[in-house]
Amino acid sequence: MLPTTALLLGLTGTALGFHPCQRIADKVSSATDVHYSGSSSYVADNEHYATSSEQASKCSVEPGSAEDVGIVLGILGKTKTAFGVKGGGHATNQGFSSTTGVQIAMTRFNEVTYDSATQTAVIGAGNVWEDVYEILDAQGVNVVGGRVTGIGVAGLTLGGGYSWLSNQYGLALDNVVAYELVVPNGTVVTVTEGSDPDLFFSLKGGGNNYGIVTRFTLKTYPQGAVWGGFAAYNASYISAFTAASVKFCSEVTDPKAGMIIEYGYTSGQMFYDGPIPPDGIFDEFLAIPALALDVTTRSFFDLINGTVPIVDASTGYRTVYNHIPTLEYSASNIEDVLDELNYWGPTLSAHGAFYVDYAIEPFLPSLLTHAPAGSSAYPGSRDHVAFPTNVNLQWLSESEDSVFHDGARQTVERLSAEGESIYPNYAIYSTPVVDMFGEEGVKKMEATRQRVDPHGVMMLTGGFKV
């Protein structure tokens, strides 16, 4: 018989959820490590962009191979243990990539391999985009990915993927050639349009409903020097800033040009896929006296690496996003955004708001024509473009969470174009999946999930569930 202390420790470990952690540690190869509270690796594995996204897991696992991911999934499914899967950790909905169970950190899947023969790149699911761009820059190529630092490859690609290159090549999900996927029974499969069209469709926007993606094979494109960067303005110039914004949104048709226009912290991120933009595209913005200006010709990696997140977990701020599908950025439409800002700014400041921001993201009407209709779960329809306006609220006190979550919902209800697809990567946690994927899309995705995951293993983790 075991000594009493050992017996108690065993019972306590099981009650607290450590038993699955120990089983994982016993079964995986030496390429994989399991970490517990108190270690720096455990802290890094659980850390997220915003403190409101973090949870304290029972342990963290850093798998070193797809086969070990399969072993981990098998144990979690058999023990019915809650788990989270973290790529870059930028999810702003708590529980979508965090957990109080077993945290799987994909850090070791950091491969970036370019194949000039097929003009594709194999990219590990643990990468963040700036690391991908740095490696591919040396090869003179690029992929369709994130626009600022800290964004994970996996989350952005599985949820959609708006990019500086989207006007030319579509969404990130439109550029996936293959997924290496560990399905819930532990098998490692390669999913292509030819091998499993329904699963390929469902992974394009469907998040983590079908297993754990370990690698993406993406199309690549030639990439030279680009022009762009960040400009910030005093609020006294908001009329000139708005006039420049309306002109850009309504008149610029060059697919190499892009912007993120922010109201709250009056600023613009400018991009042109070439060393010098043609006259007339950004002139109005550049004519406004700037508080800060960092716009120049540079490498694509330098452009992205130069963006500094407004907040990260080290600041202690909490964050909620929500998506405002927008059909046009007319003067009246932008005035509506300003009205919301002028209401919610003071209202939420009374509750400790650090940041109240609306990001206008104009794209060309041809954005969704780079892939066929019905080729992806998101968007539910490719008939026309609904622009991905993002509301971003940040605050400090957990006791105020409900105030900010309600604010994010209310402002979206007032500004949203009715019936348009909601962008999964910006959507607040309570968004119905039918609003993202449409009724037919959800039916197809549900049938695929039931086939691929008949025992509901992926229901043990967070995210938008079909």
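Colleague: Why are helix 12 and helix 13 called roughly antiparallel to each other?

Modeller: In this predicted model, helix 12 (residues 331-349) and helix 13 (residues 401-415) pack at an angle of about 165°. Angles over 145 degrees count as roughly antiparallel, and the pair is therefore described in that way. The axes of helix 12 and helix 13 are 11 Å apart, and helix 12 passes helix 13 in a right-handed crossing.

Colleague: Which residues make the contact between helix 12 and helix 13?

Modeller: Helix 12 contributes Asp336, Val337, Glu340, Tyr343, Trp344 and Leu348. From helix 13 come Val403, Phe404, Gly407, Gln410, Thr411, Arg414 and Leu415.

Colleague: Why are helix 9 and helix 12 called oblique to each other?

Modeller: Helix 9 (residues 238-251) packs with helix 12 at an angle of about 135°. Roughly antiparallel requires an angle over 145 degrees, and roughly perpendicular covers 65 to 115. The value of about 135° fits neither class, and helix 9 and helix 12 are therefore oblique. Their axes are 10 Å apart, and the crossing is right-handed. The contact is made by Ile238, Thr242, Ser245 and Val246 of helix 9 with Ala331, Ile334, Glu335 and Leu338 of helix 12.

Colleague: How do you know that a disulfide joins Cys21 to Cys59?

Modeller: The S to S distance of Cys21 and Cys59 is 2.1 Å. A disulfide is assigned to cysteine sulfur atoms within 2.5 Å, so the pair qualifies. The structure holds 1 disulfide. With -90° about the S-S bond, the link of Cys21 and Cys59 is left-handed.

Colleague: What makes this pair a link between distant parts of the chain?

Modeller: Cys21 and Cys59 are 38 residues apart. Cys21 belongs to helix 2 (residues 18-27), and Cys59 to strand 2 (residues 59-62).

Colleague: Why does Cys21 count as buried, and what of Cys59 and Cys249?

Modeller: Buried means under 20% relative accessible area. Cys21 is at 0% and therefore counts as buried; Cys59, also at 0%, counts as buried. Cys249 has 22% relative accessibility. Because partly exposed covers the range between the 20% limit and the 50% limit, Cys249 counts as partly exposed.

Colleague: Why is Lys80 called exposed, whereas Gln119 is called partly exposed?

Modeller: Exposed means over 50% relative accessible area. Lys80, with 56%, is therefore exposed. Gln119 has 47%, so it is partly exposed.

Colleague: What makes the backbone of Lys80 and of Gln119 notable to you?

Modeller: Phi of Lys80 is near 55°, a positive value in a residue other than glycine. Gln119 likewise has a positive phi of about 55° although it is not a glycine. Lys80 lies in the loop between helix 4 (66-79) and strand 3 (83-86). Gln119 is placed in the loop between strand 5 (112-115) and strand 6 (120-124).

Colleague: How do you know that the peptide bond from Tyr378 to Pro379 is cis?

Modeller: The omega angle of that bond is near -10°. Pro379 sits in the loop between strand 17 (353-360) and strand 18 (387-395).

Colleague: Which residues does UniProt list for "domain: FAD-binding PCMH-type"?

Modeller: The unreviewed UniProt entry lists residues 53-223. Over residues 53-223 the chain is 24% helix and 26% strand, and the end C-alpha atoms are 34 Å apart.

Key
Residues are numbered from 1 along each chain as its sequence is written. This is a predicted model: local features need pLDDT of at least 70, side-chain atom pairs count only at pLDDT 80 or more; totals for chains, interfaces and linings use all residues. Side-chain values use heavy atoms; hydrogens and water are left out. Helices (H or I, at least four residues) and strands (E, at least two) are DSSP runs, numbered from the N terminus. Buried means under 20% relative accessible area, exposed over 50%, partly exposed in between (1.4 Å probe, protein chains only). UniProt positions are given in the numbering used here, feature names are shortened, and annotations may be inferred rather than shown by experiment. Axes are lines fitted to C-alpha atoms, for helices over the stretch in contact, and angles run from 0 to 180 degrees between N-to-C directions. Angles under 35 degrees count as roughly parallel, over 145 as roughly antiparallel, 65 to 115 as roughly perpendicular and the rest as oblique. A crossing is left-handed if the near helix is turned anticlockwise from the far one by less than a right angle, and right-handed if clockwise. Contact means heavy atoms within 4.5 Å.
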